[in-house]
Amino acid sequence: MGTSEFDPGAGDRQAWNAGRKVGAKRALKPKQIWGIRFYLDHHRRLRDRALFDVAIDSKLRGCDVVRLKIGDIVSGGQIRTRATVTQTKTGRPVQFELLSDARASLLAWLQRRGGTLGDYVFPSRIDHSDHLSTRQYARLVDEWVTGVGLRREDYGTHSLRRTKASIIYKATGNLRAVQILLGHSKIENTVRYLGVDVEDALTLAEGTEI
């Protein structure tokens with residue numbers, strides 16, 4: 001429940017976003033991705049490395065990343081190269097790829113984690129039968145980015161979702177492909193999500209000779 005401006009105590013309460021940067025978070029650059037991987041490997045954070053790699057490759061929202069089950073990404077004792085999950089927000093299925101780095105870190109984590117196909121990949125430390133909370137996931141992302149010298153105000157869980165999509169768009173200019181990968185119903189949503197503007201369009205046009 002929100003508070004009314006006429007609530008006598010409202011003036012004494014700090015807004016939920018006080019001191020935080022509101023708006024789209026930055027996508028990570030390839031150099032920053034590898035910096036975070038090195039940081040997590042150096043500190044032997046096996047679970048976090050797997051979580052980071054999955055978040056980058058899957059391009060899923062945080063609520064879907066933490067709800068991944070072992071059966072979603074494992075088949076026949078092997079990590080899938082492609083997986084499909086139903087998005088919590090839209091109720092629609094979306095496919096994603098798991099490249100070699102993600103498969104390797106996932107395999108290392110699951111060998112330590114154990115569990116069955118019906119268990120969550122990233123369980124809660126409070127209740128092992130439940131999944132990691134989105135709030136804890138957000139705190140972990142804060143740790144990762146500050147650990148490599150980035151400003152936590154500029155990055156968040158959505159940074160991981162948009163990172164690979166942004167790289168693909170910059171390399172190809174293919175909005176339709178990015179729309180499919182992100183599971184957006186409308187391409188207008190993808191345009192807004194990537195922050196595509198006139199400058200992007202002109203840059204692509206200038207690189208196309210007829």
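Where in the chain is Tyr155 found? The points below begin with the chain as a whole and come back to this residue at the end.

1. The structure is a predicted model, and what follows describes that model. Its protein chain has 10 helices and four strands, and, read from the N terminus, the elements run α-α-α-α-β-β-β-β-α-α-α-α-α-α, with the four strands standing between helices on either side.

2. Some totals help a newcomer to place the details. Of the 210 residues in the protein chain, 38% count as buried, and its accessible surface comes to about 12,700 Å², with 52% of that area belonging to carbon and sulfur atoms. When contacts between residues at least 6 apart in sequence are taken together, 60% of them join residues that are at least 24 apart.

3. Helix H1, which covers residues 30-42, is a good place to begin reading the fold. Its 13 residues, at 1.5 Å a residue, should span 18 Å, and the C-alpha atoms at its ends are indeed 18 Å apart, so the expected and computed lengths agree. The buried residues of H1 are Gln32, Ile33, Ile36, Arg37, Tyr39 and Leu40, and because they cover an arc of only 160° around the axis, they lie on the same side of the helix. An α-helix has 3.6 residues a turn, so residues three or four places apart point the same way.

4. The two sides of H1 can then be told apart by what they meet. The buried residues pack against four other helices, namely H2 (46-58), H5 (100-113), H6 (134-147) and H7 (157-172), while the face turned away from the buried side carries Lys31, Phe38 and His42, which are exposed. After H1 comes Arg44, whose phi is positive, near 55°.

5. Charged side chains deserve a point of their own, since a search of the whole structure finds 13 salt bridges. One of them joins Asp41 and Arg49, whose side chains meet at 2.6 Å, N to O; Asp41 is partly exposed, with a relative accessible area of 44%, whereas Arg49, at 10% relative accessibility, counts as buried. Another links Asp48 with Arg45, where the closest N and O atoms are 2.7 Å apart, and Asp48 is buried as well, at 4% relative accessibility.

6. The pair of Asp41 and Arg49 also belongs to a wider arrangement, for Arg37, Asp41, Arg49, Asp53 and Asp101 are linked in a network of salt bridges. Within this network, Asp53 is found in helix H2 and has a relative accessibility of 0%, which means that it counts as buried. Leaving out residues up to four places away in sequence, Asp53 touches Arg37, Asp101, Ala102 and Ser105, and with the side chain of Ser105 the side chain of Asp53 makes a polar contact of 2.8 Å.

7. A further salt bridge is formed by Arg152 and Asp142, with the closest N and O atoms 2.8 Å apart. This pair links distant parts of the chain, Arg152 lying in the loop between H6 and H7 and Asp142 in helix H6, 10 residues apart. The two partners differ in their surroundings, Arg152 being partly exposed with a relative accessible area of 46%, while Asp142, at 17% relative accessibility, counts as buried.

8. Helix H8, residues 175-182, can be read in the manner used for H1. Its buried residues are Leu175, Val178, Gln179 and Leu182, and, seen down the axis of H8, they fall within an arc of 105°, so they line one face of the helix. H8 is followed by Gly183, whose phi is positive, near 75°.

9. The opening question can now be answered: Tyr155 is found in the loop between H6 and H7, which is also the loop that holds Arg152. Is Tyr155 buried or exposed? At 5% relative accessibility, where buried means under 20%, Tyr155 counts as buried. Apart from neighbours within four places in sequence, Tyr155 is in contact with Lys25, Arg26, Ala27, Leu28, Gln32, Asp142, Val145 and Leu150. Among these, Lys25 is 130 residues away from Tyr155 in sequence, yet the two C-alpha atoms are 5.0 Å apart in space. Two other names in that list have appeared above: Gln32 is one of the buried residues of H1, and Asp142 is the salt-bridge partner of Arg152.

Conventions: Residues are numbered from 1 along each chain as its sequence is written. This is a predicted model: local features need pLDDT of at least 70, side-chain atom pairs count only at pLDDT 80 or more; totals for chains, interfaces and linings use all residues. Side-chain values use heavy atoms; hydrogens and water are left out. Buried means under 20% relative accessible area, exposed over 50%, partly exposed in between (1.4 Å probe, protein chains only). Contact means heavy atoms within 4.5 Å. Accessible areas come from the Shrake-Rupley method with a 1.4 Å probe; for residues, only the protein chains shown count as cover. The expected span of a helix is 1.5 Å times one less than its number of residues. The arc is that of the directions from the helix axis to the C-beta atoms. A salt bridge is a side-chain nitrogen of Lys or Arg within 4 Å of a carboxyl oxygen of Asp or Glu. A polar contact is a pair of N or O atoms within 3.5 Å; within protein, one must be able to donate a hydrogen and the other to accept it, and residues adjacent in sequence count only if both atoms are side-chain atoms.
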